[in-house]
Each structure stands twice: as C-alpha cells, then as structure tokens.
Amino acid sequence: MKTALITGATSGIGKATAYKFATEGIRLILCGRRKERLEELKNELGKKTDVHIESFDIRDRKKVMEILTNLPEEFSEIDILINNAGNAHGLEPIHEADIDDFEAMLDINVKGLLYVSKAIMPGMVSKKSGHIINIGSTAGKGVYPNGNVYCASKFAVDAISKAMRIDLNKYGIRVGEVNPGFVETEFSVVRFKGDVEKAKKVYEGFQALKPEDLADILYFIVSRPAHVNIADVLVLPTAQASNYILNRKT
Ligand code: NDP
Ligand code: 8X3
C-alpha cells in the first residue's frame, strides 16, 4: 500500500484529493494549519485507510523540517508527495498591492513548497523511487492583470518542478505538475481576505472546476505504471479558454 503526503489537505483540492486517495486505499499523511479540520478528516477517512495528521504552518522552516523528518515509523516512507498548499493573497496592481501579501505568497507558495520537498526528497532518493506532484496554476503559465506576485510564485513552481525532474531523474523519481484554471474552493475567499460575496462573483455565470475534478486527475497520475511520468497538465473549465477568455453567461 502506498503512502501519500498531501499539504493543504484541510480545504479545496487537497481535501478532495485526500478523500479520493483514501477511497483508493492510499495511506495518508495530511497537513495544514487548521487542526480541527485535520482531526475531522482523520475521523472520517480513518474508516477507509491509515491516516496520520500534522498541523503546522508551511512557512515555519524549522517546524516543517522537525515534523517531516520525524514522522512515526509506519508513516516515514513516503511514496507520493502532493505539494498543494498555497493561496493567492490580494488582487491589486503591483504598485498598490500590500507587501505583506507579496511575502505571504512567496513564503507559502514557493519557500514552503521547497521546505516540505527538502524534508521528503532525501528519503525518496535513498530508496530510488517516489512521485512528487506540484500544484501550479494557469497563473504560472501566463501573467494576468493584478496577478503579479501570485503569478510569479506559480512561475516559480513551474521552474522548480522542471528542476526537480532534472535533478531527481537519476534516482527514478517521478516529478510532475498540475496547473489548474478556475477551481471553486476557498481560494478566492482567501484572496479577498474573507469577502465571501466578492469571492462568489469570481465563479458566477460559468461552471468552474470542482476540487473533485482535480482529485480524479491526481489519482489518475499517481496510478500510472512506474515507467509513466505525467510531467505537466493544464486543466481548464470548459468555459475558460485562457487567462483572458472566459465564457460567462451573466
Ligand atoms: P484553498 O484555499 O481551498 O486551500 C488551500 C490549502 O492550503 C488549505 O488547505 C490551507 O490550509 C493550505 N495552506 C495555505 N496556507 C498555508 C500555510 N501557511 N501553511 C500550511 N498550509 C497552508 O485553495 P485551493 O484548494 O484552491 O488551492 C490549492 C492549490 O491549488 C494552491 O496551491 C493554489 O494556488 C492552487 N490553485 C488553485 C486554483 C483555484 O482556482 N482554486 C487554480 C490554480 C491553482 P490551512 O489554512 O488549514 O493551513
Ligand atoms: C488560480 C488561478 O486565475 O484564479 O491559480 O488566479 S486564478
């Protein structure tokens, strides 16, 4: 039975992926800051598979390393890492945006992803197997107005994914990235700092992707035979043709 570590498992894509993987019998290490949500997940998914939870802020380098390099024996061999934790903070022109938001996005989406990976990769290297999937974005494939530093953070995820694939190649470790367009999750609530009405408007007039759509794709990727590495996936709602073209009916 494989063991997967999922960051950002308390919500959205990460949570849906935890459900999907549990249903498919994958053992889970679920991470996020909101401990109550992790406990609920453990209670629920523990009926289907072995679940271990770890609550920490991905920005805390010391804690990330401490926790992830000291996992309980039975969860210490990780086969699959889903680097999913991340968010956008704000949507303003670069000269008006809040510098705290810049820091949050770079610290979480880029440095946090690197801290987690740095803790997990050596184990994969020593057993010469493993599968890492980084959640990027359409924002990492093209810059859109006011996306500035969020886009930069996701361009970094794209570069890091390619770099990991090169550096880990000789150890037989699979590395891929999944880059979604609009997915209806708590993403926009976080981006707009709790303004639920503003967040809802983002998904009005078209069918956005559901987190379960991503979970299905992630399971498909991790269930391919060992010689198949799905390197880069762009997933859009049908109504979205690009960062700029969205067929809204309202
Ligand atoms: P959600 O806001 O629903 O989920 C974000 C997850 O990240 C939560 O579980 C949250 O957990 C975790 N997280 C955020 N900050 C931290 C932190 N500092 N430390 C630890 N965990 C953290 O959004 P999505 O599910 O939509 O986002 C998941 C990924 O998908 C992100 O990388 C996002 O950039 C990407 N994405 C999303 C798209 C969308 O349209 N929704 C489109 C393209 C990419 P907690 O708060 O409990 O710590
Ligand atoms: C999220 C995509 O376009 O909502 O990564 O910022 S977008």
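Okay, so start with Ser11: one of its polar side-chain atoms comes within 2.5 Å of an oxygen atom of ligand 1. Keep in mind that this is a predicted model, so that distance is computed from predicted coordinates.

Stay with ligand 1 for a moment. Which other side chains make polar contacts with ligand 1? Asp57 is one of them: an N or O atom in the Asp57 side chain is 2.9 Å from a nitrogen atom of the ligand. Then there's Asn87, where a side-chain N or O atom is 3.0 Å from an oxygen atom of ligand 1. How much of ligand 1 does the protein cover? On its own the ligand has 880 Å² of accessible area, and the protein covers 97% of that.

If you pull up the shell around ligand 1, you'll count 30 residues. The closest are Thr10, Ser11, Arg33, Tyr150 and Thr185. And which elements give two or more residues to that shell? Those are helix H1, residues 12-23, and helix H5, residues 148-167. As for where ligand 1 sits, that's the largest pocket.

Now, ligand 2. Ligand 2 also sits in the largest pocket. Around ligand 2 you've got Ser137, Thr138, Tyr144, Tyr150, Phe182, Phe187 and Arg191. You'll recognise Tyr150, since I just named Tyr150 among the closest residues to ligand 1.

Let's go through the polar contacts here. An N or O atom in the side chain of Ser137 is 2.5 Å from an oxygen atom of ligand 2. Tyr150 has a polar side-chain atom 2.6 Å from a ligand 2 oxygen. And for Arg191, the distance from a side-chain N or O atom to an oxygen atom of ligand 2 is 3.2 Å. On coverage, ligand 2 has 250 Å² of accessible area on its own, and 89% of that is covered by the protein.

Last stop, away from the ligand contacts: Thr49. Where is Thr49? Look in the loop between helix H2, residues 35-45, and strand E3, residues 51-55. Is Thr49 buried or exposed? Its relative accessible area is 7%, so Thr49 counts as buried, the cut-off being under 20%.

What does the Thr49 side chain reach? That would be the backbone oxygen of Ile26, at 3.0 Å. Leaving out residues up to four places away in sequence, Thr49 touches Met1, Ala22, Gly25, Ile26, Arg27 and Leu28. So if you're clicking through the structure, Ile26 shows up both in that list of contacts and as the partner of the Thr49 side chain, through its backbone oxygen.

Conventions:
Residues are numbered from 1 along each chain as its sequence is written. Chains are lettered from A and ligands numbered from 1 in the order in which they are written. This is a predicted model: local features need pLDDT of at least 70, side-chain atom pairs count only at pLDDT 80 or more; totals for chains, interfaces and linings use all residues. Side-chain values use heavy atoms; hydrogens and water are left out. Helices (H or I, at least four residues) and strands (E, at least two) are DSSP runs, numbered from the N terminus. Buried means under 20% relative accessible area, exposed over 50%, partly exposed in between (1.4 Å probe, protein chains only). A polar contact is a pair of N or O atoms within 3.5 Å; within protein, one must be able to donate a hydrogen and the other to accept it, and residues adjacent in sequence count only if both atoms are side-chain atoms. Contact means heavy atoms within 4.5 Å. A residue is near a molecule or strand if one of its heavy atoms lies within 4 Å of it. Accessible areas come from the Shrake-Rupley method with a 1.4 Å probe; for residues, only the protein chains shown count as cover. On a 1 Å grid over the protein atoms alone, a cavity is a set of points where a 1.4 Å probe fits but cannot get out, and a pocket is an open set with protein on both sides within 12 Å along at least five of seven lines; lining residues have an atom within 4 Å of a point. A molecule sits in a cavity or pocket if more than half of its atoms lie within 2 Å of its grid points.
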